[in-house]
Amino acid sequence: MAGKLLSPTEWESVIDDYNLGGAANLHRWTGGASVVDLCISSLLRKDFPVQLKLNLLTFLEHDSLDDSPLPSSSLSRLIDALRSVIQSPSDPFALKDQFLISTTAIFITSLLDNDELISGSPLRDLVELFLTIINRPNHGLDRHTRGVACECLRQLELAFPCLLSEITPHLWSLCQSERTHVSQWYVLLLSTTILNVVKLKPSGTSISSMSNATIPLIPFSVPQFLIDGVGSDFVWKEKEICYKELRRVVAAGTSGFFDEGAVLMAALHVRAIALPYFLGIYFKFLDSFQGQELEVASRIMLLSKEPQHHLVFRLLGLHWILGFFALIVGEDEAKKRSILDMSLRFYPTIFDPLAIKALKLDLLAYCSSLICNPGDASGLKGVEADKGVYQVTLFKDGLVSVSAFKWLPPWSTETAVAFRAFHKFLIGGSPHSDASSSSVGTLIESDIFYTLQVANEFVCTAPDAILYGLVGRCVASEVSRHVSLEEVLAAMGWGRQ
Amino acid sequence: MPSGCCIRGLWILNNQDSVIFSRKFPVVERRWRVACEKESDDNFKYHLLPYDSELASAFADRKKREGSARGFGIHVSQSVKGSDSWVDDPITRHVISLHINKEEKGESNLLWPLILHIKGPYSILVLPLVEPHHLKSYSRMCNRSDCGSAVGADENLSSLLLDLPSITGAFIVAHTIGEIIIGEAVESEVVAASSPSVGGLLDSLTGSIGISGISARPKPVAAPVAASTASGTAVSGAVMSDAPKMGSRPLDKDVLRSFISSAMPFGTPLDLSYSNISAIKSTGFSSADTPPADRKQPAWKPYLYRGKQRILFTIHDTVHAAMYDRDEIPDSITISGQVNCRAELEGLPDVSFPLTGLDTARVQSLTFHPCAQVPEHGGDKQAITFSPPLGNFVLMHYQALCSVGPPIKGFYQLSMVSENEGAFLFKLSLMEGYKTPLTIEFCAVTMPFPRRRVVSFDGTPSIGTVSNTDHSVEWKIITNTQALLGRALRRLFLEQLDLLHGKLKECLRLDQQLEVWLMKTVILKLSLVVSFKMIGPSLSGMSIDPKSRLKLSGFKQCEHEVSIFPAVKATVEISTQVTSGDYILWNTLGKCPVAATPEA
């Protein structure tokens, strides 16, 4: 049923209504007609402004999220409309690019929810259209659109693994030819395709060599194994594809990426923001990085100290260190020791924002918690005493940075941070995973606890609410499952009962 | 599940908490749905992304519950179980969760990790794709009875964040979007020593600010340290006011849509360079833009420069100092800085230059632009090679100790002679021991009274002028650019501003409780904030030496030691400037914040 045509103003209202409350709001506008069909008619209107058409395309994408998958006929109509826009000399590139993107997104969501459509003509037609676009390397005017088409193909390849496996040799040759700035988009497409070939090892592919394509690029046909069902019998057949060649292609595309850890470490100096991704690689190949843990930790620490980074990256850096330590430390005494050796670097500095100070105090509390035996701390840099003294030194030194809580209002954030640190030192220093009755003694007799008892100024300046809050949290925590509120209060000598 | 960064959706809210822009990415969302369906159980199942109205109301609810848009950050008595501050971590002011209530079904759906970036009047929320077990883990953390804060506990926020690089990617997306909607997506400043001659192809393409005049840079804002958390979070004192300021620009949705369709068409960020993307969108390509014959054009350089060739470097030190004038507290002086560059060079050349001042004893950290190559090991002087992108860019950041004495030192005393009247004395010496000719563009000291109003003051400075605003007294020591040589420098050494009397009046907007507190204590902790800018040798010791020559194999020696390969004739301009960052002299008669310095 063909619905009435909507005017640009009406479309604006439709989109606003939809964004606000979803598809339920649409019926009064469409009168039951298919939203896609209505959109397609409007997209082809020459008198509609380009900006509205761009909005319509995004709207269609959003709608594909909560609407049922589109039928094959709608997809075909969408492709026809796309083709006419792409071929039109008067439509601007911005519209063409967005049309390519939105159509791909709608296809992916619709086809994945309806397997039967994969074998149909719409997917084949869509891929063929993209291949026609990208098959003009170095062409000047539409270079960006070619890049976008590469990305669309890549998304299809990600959604339907090995969809493009049979035409990999063509993609390789296009990659070699393309020299404009979009060459990276071609490389990305090729590497995704190769990754899928290597990972899923499709059988029945007709790739015999990367340098000699046996089937033409166009017409494109969806590989039979995809039609039969994704991943049903993917078996690597070494003879069918020259593995060495694949390696060469990968090496050309990503030269230097798989070098050793030391090289990656050097790269880290180049780009601090790549750190989380580096850490991902690091954890996958933990054994290969033996002995470089502290170099990694030092580099992350620098990230948190560099004021040019937005606060959030510095905070994340401190979290990564904490997470990183937790991962590497295990029972290894040597690693514990080297972490403790780093502890001086975790001291908060005067211009650190309070959030950074709070997390650095966490790091100090962590260091303090690493010391299990009285002898652990002896010989550490800057420490000439035993466990207890070392823990107390870390705590006191750390607390200095938020000592402003002594003269700021009791409800100040500094006060809250100071008590938060106290809580962490207290909890961190006691065994928390296997709380037993002996932990009661550990907690109350711990040196930190004692320090606080005597640190009258600390206790006296704290408002009741904070003290109660702190004690409440101690009691609620797993650690002190066996400690009653009264016990803690009595031990603290606050006598509030 | 891909290890890279994928975005499920993003939303921009205004300061009335309504969503004014939203974008969802169906391809990524589908991946999330599939993952959820695999791991669904009684307590966990897939929910559609919220509509704008649902998200807005969840955001407003959180704001109410957490005290402000960002939230408490740490566990306070108002913290509610299941909320972000229950987790007791400052990062929850940036990585937030929202509970979406579906009206008709009466169920609540947890959205996490939502990246919150506040820019001007806008709150930007970006939701990266994670794995369902990450979300489940966070959900457990914010419902734990002990508010989950033991360091190194089995399930902790740090380990979770370490496992989620997509959060970093999502923040970069949020920041870029913030700059675009505020209209700040400009490049780093590069100061040319000669008069600027901008033009040609480049600036119209990059939409850059060109080579901005020196005066274009705003003076550092004076603020006392207690409130110097300007860069972000936990403001000291109970007043965690982070209400966004009113903005003057309406949001340009079309610009944003166009950026998103290029930068992250399917939700996976590909290229976030706004200047390149907007140039491509607005200029496009002509058949005359031919790619180089022998090399591939990199993605970060979609256009090649054509015109007169030159290369500019600016070394920019920012000095941070906390000066106490007390025996028991050492002063803290550090420098953070950057080398900005702009290379107007044809083709795709490599540039190499020798950088001095990299002595590891003084330099604490170095971070380079991805286009640079740096020898792995080296001494104080190293050859940096890079393939410059278009327009202005920051070639490197560094952090170093000061290689000479502090540019401004002295002491500051303030005591209250009555409740409303204070007496001040401060004595400063400028550039003591500095020999090299340098130019001081401005130098001023400010006494901020953030909670008080200055009614009047009285005093005669020995140089410059003194004036006041409602909340500060400012002594402008040098207002016009002055080139200073030896004698003039020495004359500045001992300048004294004689007793300056100020009367302070209560600020009516303060709440009663806070005011009483401030009367007792805070008035004694005020500080003196110094701001200055000078052109001259860097204090960090970082320099591009104009005299030495560096032997570089493969590079043809040019007249300048900055060499370009393939060799071309290009002018090279190098300038250095030093500005003040947080530069604070604490009142010797009052309280002051300190930090313990570890004995190395």
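In the predicted model, A:Ser74 touches A:Asp37 and A:Ile40 when residues up to four places away in sequence are not counted. A:Ser74 itself belongs to helix α5 of chain A, which covers residues 72–87. With a relative accessible area of 5%, A:Ser74 falls under the 20% limit and is therefore buried.

One of the two partners of A:Ser74, A:Ile40, is also among the buried residues of helix α3 of chain A. This helix spans residues 35–43, and because 7 of its 9 residues are buried, it is largely enclosed by the rest of the structure. Besides A:Ile40, the buried residues of α3(A) are A:Val35, A:Val36, A:Leu38, A:Cys39, A:Ser42 and A:Leu43. The elements of chain A against which these buried residues pack are α1 (8–21), α2 (27–30), α4 (50–66), α5 and α6 (93–112). The N-terminal end of α3(A) is capped by A:Ser34, with a side-chain oxygen 3.3 Å from the backbone nitrogen of A:Val36.

Chain A as a whole has 25 helices and 0 strands. Of its 497 residues, 56% are buried. When contacts in chain A between residues at least 6 apart in sequence are considered, 71% join residues at least 24 apart.

The secondary structure of chain B consists of 10 helices and 23 strands. Chain B has 600 residues, and buried residues make up 57% of them. Among contacts in chain B between residues at least 6 apart in sequence, the share that joins residues at least 24 apart is 72%.

The contact between the two chains was examined next. Chain B contributes 114 residues to the contact and chain A contributes 111 residues. The size of an interface is often given as the accessible area lost when the parts come together. For chain B and chain A, the area buried between them is about 9500 Å², with 66% of it on carbon and sulfur atoms.

Polar and charged pairs also occur across this interface. The rule finds 3 salt bridges between chain B and chain A. A salt bridge joins the side chains of A:Glu61 and B:Arg23, with an N to O distance of 3.2 Å. Polar contact across the interface is found for 20 residue pairs, both residues being at pLDDT 80 or more. On the side of chain B that touches chain A, helix α5 (residues 165–182) of chain B gives the most, with 8 residues. Sorted by class, this side of chain B has 51 nonpolar, 40 polar and 23 charged residues.

The nonpolar cores complete the description. The largest nonpolar core comprises 102 residues, and A:Phe325 and B:Ile177 are those with the most contacts inside it. Helix α16 of chain A (residues 311–329) gives the most to this core, namely 13 residues. In chain B, the contacts of B:Ile177, leaving aside neighbours within four places in sequence, are with B:Leu10, B:Ile12, B:Ile124, B:Leu256 and B:Phe259. Apart from the largest core lies another core, of 78 residues, which includes A:Trp29, A:Phe59, A:Phe107 and A:Leu129.

Conventions: Residues are numbered from 1 along each chain as its sequence is written. Chains are lettered from A and ligands numbered from 1 in the order in which they are written. This is a predicted model: local features need pLDDT of at least 70, side-chain atom pairs count only at pLDDT 80 or more; totals for chains, interfaces and linings use all residues. Side-chain values use heavy atoms; hydrogens and water are left out. A nonpolar core is a set of buried Ala, Val, Leu, Ile, Met, Phe, Trp, Tyr and Cys residues joined through side-chain atoms within 4.5 Å. Buried means under 20% relative accessible area, exposed over 50%, partly exposed in between (1.4 Å probe, protein chains only). Helices (H or I, at least four residues) and strands (E, at least two) are DSSP runs, numbered from the N terminus. Contact means heavy atoms within 4.5 Å. Buried area is the accessible area (1.4 Å probe) that two parts lose on being put together, summed over both. A salt bridge is a side-chain nitrogen of Lys or Arg within 4 Å of a carboxyl oxygen of Asp or Glu. A polar contact is a pair of N or O atoms within 3.5 Å; within protein, one must be able to donate a hydrogen and the other to accept it, and residues adjacent in sequence count only if both atoms are side-chain atoms. Ala, Val, Leu, Ile, Met, Phe, Trp, Tyr, Cys and Pro count as nonpolar, Asp, Glu, Lys and Arg as charged, and the others, Gly among them, as polar.
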